[in-house]
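This note is addressed to a colleague in the first year of study. Please read each numbered point with the structure open.

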Amino acid sequence: MSLTSAPDSRPSGRTAPPAGRRTESPVVDLNVGGEFYTTTLGTLRKFPGSKLAEMFSSPAKACLDAEGRFFIDRCGTYFGPILEYLRSGQLPTQHIPEVYLEAQYYEIRPLIKYLEDTPQIFGEEVARKQFLLQVPGYSENLELMVRLARAEAVAARCSRVLVCLVRNEKEDANCADALRSLEANKRSVVKFGPWKAALDISDLLECLNMDIKAQGYQVCYSHNSPLPAKVSDYFYTFSFSWW
């Protein structure tokens, strides 16, 4: 059954009866963030313990819009796959990350578990994020890269941020003199590592590239360090384009 919204044929301005006198109907009209759906209380209560089941355990707990529809202040676009799953067990095949967020919000645990096994969510939540948890200060250093790039963007088309990536204590020691020299010359460097994960520098570079682009920035990286050859392998330049 299509979940496209049908026009509301009820008279405009209809007000709902007071909650205390409302007669509970098995059919429910929903307004989810401006998208309209019709379903049943049984469908919404399918999974006891879910937020939807809790919302509709009593009409007095629900919020109504001006037309008397039950109102949920969430994105309505991705409620359709949630409702199809509740109705018939149909599993979503599109917009998996967005549907996953909605399933988490509504606390529909069987759907959450299924989505966590899909390649999109497994790759992000289990593989990539678990790797990044083993890179000390990853989020803070990512933020620092963006701040440095923005600070250098005044009246410039591009700004560049120098990054040092060291996988282990030996590489960290190899870079110590170069980092001190850069600091003495007031050259900002964002240093990542050492880390304990089994992934390589190329993996971390791709994570940085992906996460910066996810914030809306145009960025690319290159291996053109101005440092001596013996340490240049540890240094990369991230270039931010502003216009």
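In what order do the four strands of the open sheet that contains β5 stand? Point 1 takes up this question, and the later points move on to the rest of the chain.

1. **The sheet with β5.** The model is a predicted one. In this model, β6, β5, β8 and β7 follow one another in that order across an open sheet, and the pairing is mixed. The edges are formed by β6 (189-192) and β7 (218-222); each has a single partner strand, so one side of each is left without a neighbour in the sheet. From one strand to the next, the twist averages 30°.

2. **A pair within that sheet.** Strand β5 (residues 158-165) and strand β8 (residues 235-241) are joined by seven bridges in the antiparallel sense. R160 and S239 in β8 stand opposite each other. As general background, strands of a sheet pair through backbone hydrogen bonds, either parallel or antiparallel.

3. **The helix across the sheet.** Helix α7 (residues 138-151) lies across three strands, β5, β6 and β8. Relative to β6, helix α7 runs at about 165°.

4. **The sheet with β1.** Another open sheet of four strands has the order β2-β1-β4-β3, again with mixed pairing. Here β2 (35-40) and β3 (63-64) are the edge strands; because each has a single partner strand, one side of each is left without a neighbour in the sheet. Two bridges connect β3 with strand β4 (residues 70-72) in the antiparallel sense, and L64 stands opposite F70 in β4. Helix α3 lies across β1 (27-32) and β2, and its direction is at about 10° to β2.

5. **Buried residues of a helix.** Which residues of helix α6 (residues 119-132) are buried? They are I121, R128, F131 and L132. The cover over the buried residues of α6 includes α4 (96-106), α5 (109-116), α7 and α9 (201-214). In general, an α-helix has 3.6 residues a turn, so residues three or four places apart point the same way.

6. **Cysteines.** How many disulfides does a search of the whole structure find? The number is zero. For C164, the closest cysteine sulfur belongs to C175 and is 4.1 Å away, which is too far for a bond, because a disulfide requires sulfur atoms within 2.5 Å. C164 is buried, with a relative accessible area of 0%. C207 also counts as buried, at 5% relative accessibility.

7. **Backbone details.** Most residues other than glycine have a negative phi, and most peptide bonds are trans. Against that background, three places deserve attention. The peptide bond from G193 to P194 is cis, with omega near 0°, and P194 belongs to the loop between β6 and α9. A155, in the loop between α7 and β5, has a positive phi near 55° although A155 is a residue other than glycine. K186 is likewise not a glycine and has a positive phi of about 60°; K186 is part of the loop between α8 (169-184) and β6. Are A155 and K186 buried or exposed? A155 counts as exposed at 84% relative accessibility, and K186 counts as exposed at 76%, because exposed means over 50%.

8. **The chain as a whole.** The protein chain has ten helices and eight strands. Of its 243 residues, 40% are buried. Among contacts with a separation of 6 or more, 64% are between residues 24 or more positions apart. The chain exposes about 14,000 Å², and carbon and sulfur atoms supply 53% of that area.

9. **Confidence.** The average pLDDT of the protein chain is 87, and 88% of the residues score at least 70. Among the elements, helix α3 (residues 79-88) has the highest mean pLDDT, 97, and helix α10 (residues 229-232) has the lowest, 84. Over residues 1-23, pLDDT stays under 50. For residues 1-23 the model has 30 contacts beyond four places in sequence. Where pLDDT is low, the predicted coordinates should not be read in detail.

Notes: Residues numbered from 1 in each chain as written. Predicted model: local features only at pLDDT ≥ 70, side-chain atom pairs only at ≥ 80, totals over all residues. Heavy atoms only, no water. pLDDT = per-residue confidence, 0-100. Contact = heavy atoms within 4.5 Å. Pairing = 2+ DSSP bridges. Axes fitted to C-alpha atoms, helices over the stretch in contact; angles between N-to-C directions. Buried < 20%, exposed > 50% of the residue type's maximum accessible area, 1.4 Å probe, protein only. Areas by Shrake-Rupley, 256 points an atom, 1.4 Å probe, with all protein chains shown as cover.
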